[in-house]
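Colleague: I am new to this structure and would like a close look at a single part of it, the nonpolar core. Please describe that part and then set it against the rest of the chain.

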Amino acid sequence: ALQGLKSILVQIASLQLRKEEVSHAQPKDATQQQQQKSKIQEYNQTIALLQQKHNELSKRASQAFDRMYEFPFLRRARAVRWQLTLSVQSYGLLCQFLNQHSMQTSLLSMSTLLQTKCEMHVEQRDPMPMTPA
């Protein structure tokens, strides 16, 4: 959620810069002046939509934080990135498995978890046997 908030802020800043560039440009005739006004209005609308989206996302993030305030374990578990060390063969099997079943929505949560919460290290070594705890 925080990454989404940051990207929205970056988009807003870039649109504001473009809007300033357009507003400082000197139109040569009435049609260019009209185009400039419409472009500025378009930028203003887009900025307003992005600001509204930013406000909604920040409210949602603060609500989630408030709900998890009483549960420090959950906050820590959400913040931790798990480090997985895989051999080249194991990583290849995992990629092959996810690619074969990419159309199934049942694996979407696992794929999202791997992409967002795991830091994968791939090593040039033989696979090691898995020993359950």
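Modeller: The largest nonpolar core has six residues, namely Ile8, Ile12, Leu15, Tyr43, Ile47 and Leu50. Two helices, α1 (2-24) and α2 (30-68), each supply at least two residues of this core. The model is a predicted one, and every value here is computed from it. As a general background, nonpolar side chains in soluble globular proteins tend to be buried together.

Ile47 is a useful residue to start from. Leaving aside neighbours within four places in sequence, Ile47 is in contact with Ile12 and Leu15, and both of these are members of the core. The contacts of Ile47 also include Gln16 and Lys19.

His54 can be taken next. His54 lies in helix α2 and has a relative accessible area of 18%. The residue counts as buried because this value is under 20%. With neighbours within four places in sequence left out, His54 is in contact with Leu5, Ile8 and Leu9. Of these partners, Ile8 is listed in the core.

Ser23 gives another view of the two helices. Ser23 is found in helix α1, and its relative accessibility is 38%. Ser23 counts as partly exposed because 38% falls between the 20% and 50% limits. Once neighbours within four places in sequence are set aside, Ser23 is in contact with Gln36 and Ile40. Along the chain, Ser23 and Gln36 are 13 residues apart, and their C-alpha atoms are separated by 7.1 Å.

Now for the rest of the chain. The protein chain has five helices and two strands. Read from the N terminus, the order of these elements is α-α-α-β-α-α-β. There are 133 residues in the protein chain, and 13% of them count as buried. The accessible surface of the chain comes to about 11,000 Å², and carbon and sulfur atoms account for 56% of that surface. Among contacts in the chain with a separation of 6 or more, 72% are between residues 24 or more positions apart.

Strand β1 covers residues 82-87 and includes Trp82. Trp82 has 40% relative accessibility and counts as partly exposed. Together with Val80 and Leu113, Trp82 forms a nonpolar patch on the surface, and the accessible area of the three together is about 250 Å². Trp82 can belong to such a patch because its 40% is over the 30% that patch residues need.

Ser87 is also found in strand β1. Its relative accessible area is 1%, so Ser87 is buried. Leaving aside neighbours within four places in sequence, Ser87 is in contact with Val122, Glu123, Arg125, Asp126 and Pro127.

Two of those partners are also paired with each other. The side chains of Glu123 and Arg125 meet in a salt bridge, with 2.8 Å from N to O. The pair counts as a salt bridge because that distance is within 4 Å. A search of the whole structure finds one salt bridge. Glu123 is partly exposed, at a relative accessible area of 35%, and Arg125 is partly exposed as well, at 25%.

The cysteines remain. A disulfide is a covalent bond between the sulfur atoms of two cysteines. The structure holds zero disulfides. Cys95 is partly exposed, with a relative accessible area of 26%, whereas Cys118 is buried, with a relative accessible area of 9%.

To return to the part you asked about, the core consists of Ile8, Ile12, Leu15, Tyr43, Ile47 and Leu50, with helices α1 and α2 each supplying at least two of its residues.

Note on methods. Residues are numbered from 1 along each chain as its sequence is written. This is a predicted model: local features need pLDDT of at least 70, side-chain atom pairs count only at pLDDT 80 or more; totals for chains, interfaces and linings use all residues. Side-chain values use heavy atoms; hydrogens and water are left out. A disulfide is a pair of cysteine sulfur atoms within 2.5 Å. Buried means under 20% relative accessible area, exposed over 50%, partly exposed in between (1.4 Å probe, protein chains only). A nonpolar core is a set of buried Ala, Val, Leu, Ile, Met, Phe, Trp, Tyr and Cys residues joined through side-chain atoms within 4.5 Å. Helices (H or I, at least four residues) and strands (E, at least two) are DSSP runs, numbered from the N terminus. Contact means heavy atoms within 4.5 Å. Patches are made of residues with over 30% relative accessible area and no salt bridge: like charges are joined within 9 Å, nonpolar side chains (Val, Leu, Ile, Met, Phe, Trp, Tyr) within 5 Å. Accessible areas come from the Shrake-Rupley method with a 1.4 Å probe; for residues, only the protein chains shown count as cover.
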